[in-house]
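Work through the exercises below with the sequence and the structure side by side, and try each task before reading its solution.

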Amino acid sequence: MTSDKKPAPHGWIIFDKPRGLGSTQAVGAVKRVLREGGYAKTKVGHGGTLDPLAEGVLPIALGEATKLAGRMLDASKIYEFTIQFGVETDTLDAEGEVVRRVDRFPPIAAIAAVLEHFTGEIEQVPPAYSALKIDGKRAYDRARAGEEVEMKTRAVTIHSLSLSSGHPGDAAELGSTFQTTAGRPDPYDPSAPLELVESVTLTAHVSKGTYIRSLARDIARALGTCGHVTYLRRTKAGPFREEQAISLDNLNEIANGAALEDLLLPLEAGLDDIPALHLDQTDAQAVRQGRVLSGMPQPSGLYCAMLDNVPVALMEVSDGTSKVVRGFNLPDVAE
């Protein structure tokens, strides 16, 4: 009996995750719309967790692209985030209970000056409310159970950190990014008080394993106050940018018959930093069988082996010999 289902797709949906939706829920939403859209059962995974209170770029891998999800976890990411000064919560975001209040707000010049101290390789302590495991149990489960959670310091890299021009999301909810507590003084009056800010929005390009909530906490403390994150948006994850991301409404249209190919990026879109290695039919078949290719003229390194426009495998070339790192079983190659 012939199935009338559409073939399982392979590639990336770049989802603009809204606040309030967890990453696992986002994966479930993609599975649902594919099922309702008449597609065959498809393997689906995401390329980097976003907290429910965070929003923005969430790469979701379909089919053979799930073999690259681990590379997305290791990729650097860019975030915009707002720090509200004067209040620290146990979760370091707006969801938690207040644990500290300080009636002290930093001048914008001090914020700009302190950012360089949080650029490059730094040490940070992850939040107690995080998915890291301690003795086999999630830290946030221990914290919610009232346990004293001791998180170990870890090294991360902040590639860049700068003042943002602000984002409509925080402007609507929090007022101006540069709202002052001392008024806005005449810049030419040397006797005018420093401009103090209650909140600030920053842009950070960070390595894997970086916790923005911890970064916000540490910046606030370095400024002699305390703070927590009230707005967090991921604008880039690996090669994927927010301009490529689709909304939940767009995603739901797949279930109503919208063409998936209009929303799906190809598998190789997750490999834009890796050069292509073009194969002929004979070599492509050998690679699919896991065989080593010899006499390769390419410099040593990682390549995406292609047959015409179809990815065949990730391959490592070393001194003229090419070995398969990860094979892709795409229908066009298998035929």
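**Exercise 1. Determine whether Asp 16 is buried, partly exposed or exposed, and find its salt-bridge partner Arg 233.**

Step 1. Asp 16 has a relative accessibility of 22%, so Asp 16 counts as partly exposed, given that buried means under 20% relative accessible area, exposed means over 50%, and partly exposed lies in between (1.4 Å probe, protein chains only). The model is a predicted one, in which local features need pLDDT of at least 70 and side-chain atom pairs count only at pLDDT 80 or more, while totals for chains, interfaces and linings use all residues. Residues are numbered from 1 along each chain as its sequence is written, and side-chain values use heavy atoms, with hydrogens and water left out.

Step 2. Asp 16 forms a salt bridge with Arg 233, their closest N and O atoms being 3.0 Å apart; the term requires a side-chain nitrogen of Lys or Arg within 4 Å of a carboxyl oxygen of Asp or Glu.

Step 3. Because Asp 16 lies in strand β1 (residues 11–17) and Arg 233 in strand β12 (residues 227–237), the pair ties together parts that are 217 residues apart in sequence. Strands (E, at least two residues) and helices (H or I, at least four) are DSSP runs, numbered from the N terminus.

**Exercise 2. Find the strand that holds Glu 55, the other residue of a salt bridge with Arg 233.**

Step 1. The side chains of Glu 55 and Arg 233 meet in a salt bridge with an N to O distance of 3.1 Å.

Step 2. Glu 55 lies in strand β3 (residues 55–62) and Arg 233 in strand β12, so this salt bridge ties together parts that are 178 residues apart in sequence.

Step 3. Glu 55 and Arg 233 are both buried, and for Arg 233 the relative accessible area is 7%.

**Exercise 3. Classify the aromatic pair formed by Trp 12 and Phe 240 as stacked, tilted or edge-to-face.**

Step 1. Rings of Phe, Tyr and Trp (its six-membered ring) pair if their centres lie within 6.5 Å, and planes under 30 degrees apart count as stacked, over 60 as edge-to-face and the rest as tilted. By this rule the count comes to one aromatic pair.

Step 2. The ring centres of Trp 12 and Phe 240 are 5.2 Å apart and the planes stand at 50°, so the pair is tilted.

Step 3. Trp 12 belongs to strand β1 and Phe 240 to strand β13 (residues 240–241), and the pair links distant parts of the chain, 228 residues apart. Both Trp 12 and Phe 240 are buried.
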